[in-house]
Structures are given as C-alpha cells and as structure tokens.
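Biologist: Please take a close look at a single part of this model, and say how it is enclosed and what it is joined to. From there, follow the side-chain contacts as far as they help the picture.

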Amino acid sequence: MDSSAARTFLAIALSMAVILLWQMYIAKTHPVRATDAGVVDTGVESLVDSRNSENSGSPSSEDTEDNSVKAGADITEKKVDFEEKLAVIKNDLVEATFTNRGGRLKGLILKKYRERHKKEENVNLVYKDALPLITMLNNPSYRFSENDGYEIMENSDNRILMRYEHPSGIVIFKEYKIEKDYEFILNVTVKNNTDKEFSFKPAIIWTDSALKGGLGEEDLKNSLGEHYYPSCLANNTILGGENIYKERISQKAEGQIGWISSNSRYFITSIIPVNQKMALCKFTSDSNYNYSVSLTYPEQKTPLRGETLFSYKMYLGPKGYSLLKGMGVELERAVDFGWLAVLCIPLLYLLNFFDSIVHNYGIAIILLTIIIKLISIPFTQKSMKSMQELQKLKPKLDELQKKYKDDKEKLNEEMMKLYREYGVSPFGGCLPMLLQMPIWFALYRMLSNSVELYQAAFIPHWIDDLSAKDPYYILPVLLGVGTFLQQKLTPSTMDSTQAKVMLYFMPIFLTFIMISLPSGLTLYIFVSSLLSIIHQIYMNRTNSSINNQTKTLREEKK
C-alpha cells in the first residue's frame, strides 16, 4: 500500500466512524405529509395540546377557552367520587391492568423483559400509573370525562367488558381482549338511548413521556435512541418524533393511517385503525418531554335507539420484527433499519435461526460472523493477494520515490507505469474492503436495533446484555489488541513513519469507537478480526511457501 492507498484506507476508516457516530448520536427527521380531508377535529387537538401544557405547568393559548365543552370531554384530572376498581387480563407474555376510572389502562407488564436502569423490575409500558390510554367521543353537545366511572361487567383471563351510562342516555361499552402474544383488541360500542341522532368523532389518545424506563433528563441525551417518542404511519410515510430530546415536536397527517405508536428502540405501544379508509394522526410534546399521539376517525352517526361499533387493534410489547410483521399493517417499519433494511432483515432471520439451535445469542453472533466471513472470502482473498503483490514492489517503489522526490507529477506517472507493468492495482487492497462496507453497516443497524439482543446474555456475570456496552470494556480492548496484531501481519508498502502511525492509530481508534457501542456488535467485529488474523497467517505462509518453491527451482536451474 503506497501513500495514496494508505490515505484511501484511512479515509474509509474515518468514513465508517463518521457514519456510525452519526447514526448513534444524531436523530433523524422524516418528511411530513398532511392533507385536509375533513377528519381533523379541533377538540382532539385541544385535548392533546392542553394535556401537554398541563403536564408542563404552562397553559397553552387554547386553554383560555372552555376546551372541555369544545372537545366534548373533561380534560382535567379530577378526583373521582367512586371507588376505583381494577381488572386484569394476561397471558404468558404480558399482564394488562385496567381501571374503572374512564375504562383506561393502568399497567402493562412485559413478563420476559426487565428495565434497563432498574433490573429488578419488569418492563412496564405504562409510565408511573399515568393512565395513558384515552378514548373520546367528540360531540359539542355532550360532556364526557376521561375519568367517568365505568362498571366492570365481566373479567376473565383474556377479556374485560366495562359499561358507562351518561346522564343523557348515551351508553358506552368498552371491551378489551388479548388475541395472542402482545396483540389486543379494543371494541367500543356506543348505544343511543336519547331522543335524537347522536353524531361524534371517535378518537383514541396515548399520552407518554420520553423519560420512561428510568431515564433522567441527562440520560435522555445519551440514551442512543432508547428514549420513547411518538410516531405514525401516514400515507405510507413514517412521521417520527425522535428529536423530542432536542426540541418540542408537533406533527399531524390525514389520509390512510396505518398505525400510531409510542416507541423506543426496543419496545412499542401501537394502535391500529380497523375498517377505516380515512383517519387523522397527530402528536405533540411539551418542554418536559411529555407527549401525546392521537388517532381520530371520521364522524360516526348513531340513530335513535341504535348503536355504533368501532374498533382498534393494539400491539403492546417488544419490537420483534417477526411479531410486528405478523400484524399485517407494516408495523415492522417501526424497527429502524433505515435504507439498509434489504440487508438487515435477512441477517436478522439468520441470527434468529442460529439462536434457535444454540439458544445463546452471543454464540449465534459468532456463527453469523463465520458465515459472513465465508461469504466475503473472495473479496478478502483478493485484497490480501493485492497487498502481497504491492509489498513485492516496495523496493522498486522506494527507488522511484528517491529518484523523483522533488517531482510529484513524474513520481505518480512512473509509479502507475510500474503498477501496469506488473498488473497490480494500488487500490486492490482497499476496494474489496469498500465493497464489504454495506454489510458492516447493515450488521451495525441490525444488531443495534434488534430487541432479541435486549438483555440477552452471552457469558453470565460478564456480558449479561448484548444490547448494552461491555461493562468491563474487555471486548473493546481485545478488539484493539486484535487490530494491532492484524496490522502487524498485514503486508504494507508504506514508509516506516506511515506504517507506525497506522499500527498504533487504528487499534486505539477502533477501541475508542467501540467502548460505548452494544457488546453484540463489538463481539461481531472482534470475532471477525480473529478470523482475519487466521486468514492472514494462512496467506502469509502460503505466499512464503510459494516463494521458497520458486527460489528452489531457480537454484536447481542454476
């Protein structure tokens, strides 16, 4: 590798670092696509905005009006004058607790996952008993409250039925059911016992906090995407509020709504419209990192003595790609693989396949590394051979550099002639590496965004969570040592100063980068480096053997 090739190699390494750091620390924004087709309801917007401003302690301008009347809902958190009663539905994976206070969700425990910052507690997707799930009937003539007292009529392991009767004669039934795994159904039936038609716009709202999961305000800025934020799929475009830790957010869109959600890197609470061609989604946040995301249906009309049924599907659980894909509404797009999804998804399926055999994601990563290494052998083999050929030319290159040290243009011209004469490319050692970069980035995206690695142990009491950094920094240090050995074994045509810089710079550089990255990713790169060292030793010995045979033949001819 001559000086220009060395600079190319260094540029590639720095480019990798910049892309990794960019994806780690700089949140992305998505384009907004909004229309005005008649679903927009100012009542829902007022409720969402006023709840946020109420949480922040600073009322919005809209709060100067009687929003509760305009929205058809009492937005204040009043003390209730009835006894609170709870109902629970559960299966082997999840336990959901509901209260008769508004018929709302009070707790959502994921039995197989524990909090990152409070490992003694199971993950609870409800933040501090906040009652995040609100259903509304927006009608200017009737006043409903999110704290209305419901009667719990039925409660089995997988079904809850609640009933509330408004003084006007409007009766509301809420039925919650667990379908399977983390999938829920919410059926809302509105029965009209008044003396006239009842029109309303159904809306469902999820209120949440980016600080959920034990994060503090300082942790939020360094959470590497593990904070919670709202998003929705509208008109085939994802609107995301990842930047909630940087600024207040506010987005809305109307049209074909696939889903709305509150999600982090590993978990999601999502609401999916049922039998609705047109809907509205909106999310906003306040300065205290509280936010609301809402889904509004078009106007429904319930005739006198009639009833109206509307429904929602919900997925409340981990962001497992296969589980989300099974919902059939492109919810898997909430897993942020970015533009490398075409590579990430097959790699994830392969990783899960290996885990199904060995039942250890650390070993599965090692097996995946071996497979990737085998696939990339043609590239690495060509790269290593090119490096060896360039090393053979080093004496001639040194002569040219001495001869034309004061004429750079002539030096480059003569070097290119030399490369053509011996059929060697000065970039032969770098280009194969460049071709592998999409795979490396895809592995980074896949390993960093896979809930399968969340608190998955590799070696107990050392790496108990492959999605977190190595707590003792052993793997990053081993990676640095491995990189140093690899540099030592790799043939080089650099001058002594360049070679020395690369020899020490790259190990320190990689160790520094990997210190804060998931240990699963560090494990992959470390194992890959070990395999490269073995391959390089084999190539060096093969090359040495060929050279010895050639030398012997020459001596015999003499």
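Modeller: A residue counts as buried under 20% relative accessible area and as exposed over 50%, and anything in between is partly exposed. By that rule E413, at a relative accessible area of 38%, is partly exposed. The model is predicted, and every value below is computed from it.

The part to look at closely is strand β19, which covers residues 290-296. Seven of its seven residues are buried, so the strand is largely enclosed by the rest of the structure. In a regular strand the side chains alternate between the two faces of the sheet. In β19, N290, S292, S294 and T296 point one way, while Y291, V293 and L295 point the other way. The residues of the two sets are all buried.

Strand β19 has pairing partners in β12 and β18. With β12 (residues 198-209), the pairing is antiparallel and runs over seven bridges. One position to look at in this pairing is V293 of β19, the bridge partner of W206. With β18 (residues 279-285), β19 is again antiparallel, joined by six bridges. Here Y291 of β19 is the bridge partner of S285. Strands β18 and β19 form a hairpin with four residues between them. In that turn, Y289 has a positive phi of about 70 degrees.

Strand β18 leads on to a covalent link. A disulfide is a covalent bond between the sulfur atoms of two cysteines. The structure holds one, and it joins C232 to C281 with an S to S distance of 2.4 Å. C281 lies in β18 and C232 in strand β13 (residues 229-234), so the bond ties together parts that are 49 residues apart in sequence. C281 is buried, with a relative accessible area of 1%. C232 is buried too, at 0% relative accessibility. A further buried cysteine is C344, with a relative accessible area of 0%.

Next come the charged side chains. Side chains of opposite charge can pair when their charged atoms come close. A search of the whole structure finds 12 salt bridges. In one of them, D465 and R116 meet with N to O at 2.2 Å. This pair links distant parts of the chain: D465 sits in the loop between α11 (431-448) and α12 (474-489), and R116 in the loop between β4 (104-114) and β5 (122-124), 349 residues apart. D465 and R116 are buried. With E226, they are linked in a network of salt bridges.

In another salt bridge, the closest N and O atoms of R159 and E175 are 2.6 Å apart. R159 belongs to strand β9 (residues 159-165) and E175 to strand β10 (residues 170-180), so this pair ties together parts that are 16 residues apart in sequence. The partners differ in burial class: R159 is partly exposed at 23%, whereas E175 is buried at 15%.

E413, the residue named at the start, has its own salt bridge, with K417 at 3.8 Å, N to O. K417 and E413 are four residues apart in helix α10 (residues 408-422), so about one helical turn separates them. K417 is partly exposed, at 38% relative accessibility.

A charged end also meets a ring in this model: that of K212 sits over the ring of Y228, 4.1 Å from its centre.

Among rings themselves, one cluster takes in Y142, F144, F198, F200, Y297, F310 and Y312. The structure holds 18 aromatic pairs. For Y321 and Y349, the ring centres are 6.2 Å apart and the planes stand at 85 degrees, so the pair is edge-to-face. Y321 is in helix α5 (residues 321-325) and Y349 in helix α6 (residues 341-358), 28 residues apart. Y321 is buried, with a relative accessible area of 9%, while Y349 is partly exposed at 38%. A tilted pair is formed by F353 and F354, at 5.8 Å centre to centre and 50 degrees between the planes. F353 is partly exposed, at 46% relative accessibility, and F354 is buried, at 12%.

Key:
Residues numbered from 1 in each chain as written. Predicted model: local features only at pLDDT ≥ 70, side-chain atom pairs only at ≥ 80, totals over all residues. Heavy atoms only, no water. Buried < 20%, exposed > 50% of the residue type's maximum accessible area, 1.4 Å probe, protein only. Pairing = 2+ DSSP bridges. Disulfide = S-S within 2.5 Å. Salt bridge = Lys/Arg side-chain N within 4 Å of Asp/Glu carboxyl O. Phe/Tyr/Trp six-rings, centres within 6.5 Å; stacked < 30°, edge-to-face > 60°. Lys NZ or Arg CZ within 6 Å of the ring centre and 35° of its normal.
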